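Here are some notes on the model, set out as numbered points for reading beside the structure. They deal with strands and sheets, and then with one loop residue.

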Number of protein chains: 2
Amino acid sequence: MLREFGVAPPKKHVVIVGAGFGGLACAKKLRKSAAYSVTLIDRNPYQLFSPLLYQVATASLPEDDIAFPVRTAYREVQFIRAEVTNVDTGAKTLTLSTGKTLSYDDLVLAVGSEGTTFGIPGVAEHTLQMKSVAHARDIRRSLLRTYEAVEDGVLPIESLNVVIVGGGPTGVELAGAVRELQGEIKREFAHIAPQATVTLLEAGPRLLPSFQPSSSEHARKALTKMGVNVRVDAAVTEATSRSLRLKDGEELVAGTRIWAAGVVAPPHWKFLGESDRGNRLKVNPQLQLNDSLWVVGDAANFADAEGKPLPMIAPVAIQQGRHVARQMLRRERNEALEPFKYRDKGQMATIGRRKAVVEVRPWLRFQGTIAWLTWLALHLAYLSGGRNRTSIFADWVWNYFVWTPRRTITE
Amino acid sequence: MLREFGVAPPKKHVVIVGAGFGGLACAKKLRKSAAYSVTLIDRNPYQLFSPLLYQVATASLPEDDIAFPVRTAYREVQFIRAEVTNVDTGAKTLTLSTGKTLSYDDLVLAVGSEGTTFGIPGVAEHTLQMKSVAHARDIRRSLLRTYEAVEDGVLPIESLNVVIVGGGPTGVELAGAVRELQGEIKREFAHIAPQATVTLLEAGPRLLPSFQPSSSEHARKALTKMGVNVRVDAAVTEATSRSLRLKDGEELVAGTRIWAAGVVAPPHWKFLGESDRGNRLKVNPQLQLNDSLWVVGDAANFADAEGKPLPMIAPVAIQQGRHVARQMLRRERNEALEPFKYRDKGQMATIGRRKAVVEVRPWLRFQGTIAWLTWLALHLAYLSGGRNRTSIFADWVWNYFVWTPRRTITE
């Protein structure tokens, strides 16, 4: 189309920090806008599909299956691989770890969350985290190589034990998958493998605290039936190089100690405004700190109608990322900004093969195989790249229906 | 079946060192024998399908796709993860890196080959090898991360250049795949990527020296058309941290320098008998060093009818592994041992997508797309695990027919 009436105005520059669910949702909606040019910054050139990280950690999926290239995701979006070391909100500039400075008209913080140790002694040094590909790789290596070390007499038999701290969806999914992996390894290390145990520790009174009590109970029963030792009211007070200690003094010896007990926003950004205990920045109803600074996803403290902050989950981040993009487009059309409203689509967690709990509404929830098929379909639908979708689908069909030894790993 | 006429004789213990093509072929044939129990030893718990290593190095396949679990491959075979540090052929015992000692009745060396630098200065320190998953990972990381370093001004633009040394099938396949990867990266780093080059160096007068000259010429033309700089009669005399120097003094600056110039058997085993320049042990017509010591595959120097040692390729190793197993079974039946005869099924090399050269017989050879489809079908047929076959097939269909950005890698 010819621009007959004058020159196009210069585009405004939107910088999005973080190529996760929220940042990409925002970039996707803005990318074709005539009013904005978009730059996306992340320390990794891929989006991590973290809901499936536990399958990488338990050797079910290769890590490439859950990492989607962001450089080529949207042709119109410029990608920079870097960390942001500073923000000058007055001058509207960012300093990058590469030494470069970048100016912006709008800045969107979509920086996600990271694991937290709650300051419990030894946790940082002696447990494995569960937030990145590197973490999943470390867990996988520990799970598999411990058998060899025990077989060779390098480690005692108790090293085969696995303790997972945190009864949220990550802990529940991981506990089920680890138990299944232990079952398969029995064929390879028949003389030692049957002694391996999995313990899932939850500091509160029930698993899946954000779910309805009946879902919690279903998860507990299902995991127990699989052979997972589920312990509630079991707060960890210390981690050592061989064990975890509970508040009642009990010591659980385990070669693989996984910490999935909670996440906080990165503390790095707290200087930008008022934050809560989890470092989440308190935003206005439009998800802003000021006119040109927006926060979406795990890093934003946005209260729902009852004043409770929204959960740190992908659907919130995606809806917020889209909302921010929509507001920028409205602003260009001189329309008033709208407050963000979260449309709760429910939550779900899988528990081993062919079992899951799904809650669409408090009164609409289901469990078991149908829930698991729902989980499967929804995760496939959410996965970004067509390529990865094909590959994961092939792997899942194999894992769940053909059911022979899972793919090896090059450890 | 009841053993009505007396007790079963104790089984003889066959130890196979190396879980490659030769070792696994031997184990597979012996595993159900009533006369033998089989132990397989390897430093890795997987068989590496090395013909596809170049696809892992160029980010086409995830590494798990070309590694097959050996622990669970054959239920009747015991697997030990270790290296063999010593052999006492008199006492018939092996010492392992784990400190254990193992006695054997028959020992099969199937230890394969490793890269050789031919003693050229700097090659060991300043080039990337191409024999293991770790090597492929290093190459992949170098190929991809150099673009970021150049973009950030950390490395000069010449660092994008890739030089591959060795015009055999590995070098030819790698050169084509690297060139294709460079083409795809243009979309991600449009401002710098077009300057990246690939040079393939061959010390001799033509590529693919073991093929017919017309195949060599076809490969040279096809690679040149793709944009690979093919240089023959180009012997490397030195490698540095930024370049390779040729015998005529020319210096080729490249950030990724890959050494695929030749392999030798591991020198570790030379003490067992007479070996050739490539450390290959000279075996008798039955592939033996003595009655209880067998050598198969790359580590064996077995001369064909014309006195030329057989090539170091998978089909030779597979046929030799099977032959040795067959001879052990014959011996149990008090039948005379047979000499090994190699059935040459031809050779092939792929050159980028949809192009290959195949030679079944000197007079039966073909090139181009049909050759490539043959290559594809045969490699799929050879791949060991059903699981990996599914997964690779899904990946290949995507790579070759759907043709969008390839899967990312978590670098």
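1. A term is needed before the pairs are named: two strands count as paired if DSSP finds at least two bridges between them. The model is a predicted one, and the points below should be read with that in mind.

2. In chain B, strand S9 (residues 106–109) and strand S21 (residues 293–295) pair in the parallel sense over three bridges. Within this pairing, B:Val108 has B:Trp294 of S21(B) as its bridge partner.

3. Both of these strands belong to an open sheet of six strands in chain B, with the order S5-S2-S1-S9-S21-S20 and mixed pairing. Strand S5 (78–81) and strand S20 (288–290) of chain B stand at the edges with a single partner strand each, so one side of each is left without a neighbour in the sheet. On average, and with direction ignored, neighbouring strands of this sheet are turned by 20° against each other.

4. Helix H1 (residues 21–30) of chain B lies across strand S1 (12–17), strand S2 (36–42) and S9 of that chain. With respect to S2(B), the helix runs at about 160°.

5. Chain B also has an open sheet of three strands, ordered S14-S15-S16 and paired in the antiparallel sense. Its edges are strand S14 (236–239) and strand S16 (251–253), each with a single partner strand, so one side of each lacks a neighbour in the sheet. Here neighbouring strands are turned by 25° against each other on average, direction ignored.

6. Within the three-stranded sheet, S14(B) is joined by three bridges to strand S15 (residues 243–246) of chain B, and the two run antiparallel. The bridge partner of B:Ala239 in S15(B) is B:Leu244.

7. In chain A, strand S11 (residues 162–165) is joined to S17(A) by four bridges, the two strands running parallel, and A:Val165 has A:Trp259 as its bridge partner in S17(A). In a regular strand the side chains alternate between the two faces of the sheet. Strand S17 (residues 256–259) of chain A is covered on both faces, since A:Thr256 and A:Ile258 on one side and A:Arg257 and A:Trp259 on the other are all buried.

8. Is B:Asn284, in the loop between strand S19 (281–282) and S20 of chain B, buried or partly exposed? B:Asn284 is partly exposed, because 14 other C-beta atoms lie within 10 Å, whereas a residue is called buried at 20 or more. From B:Val232, B:Asn284 is 52 residues away in sequence and 37 Å away in space, C-alpha to C-alpha.

Key:
Residues numbered from 1 in each chain as written. Chains lettered and ligands numbered in written order. Predicted model: local features only at pLDDT ≥ 70, side-chain atom pairs only at ≥ 80, totals over all residues. Axes fitted to C-alpha atoms, helices over the stretch in contact; angles between N-to-C directions. Contact = placed C-beta atoms within 7 Å. Buried ≥ 20, exposed ≤ 12 C-beta atoms within 10 Å, placed from the backbone.
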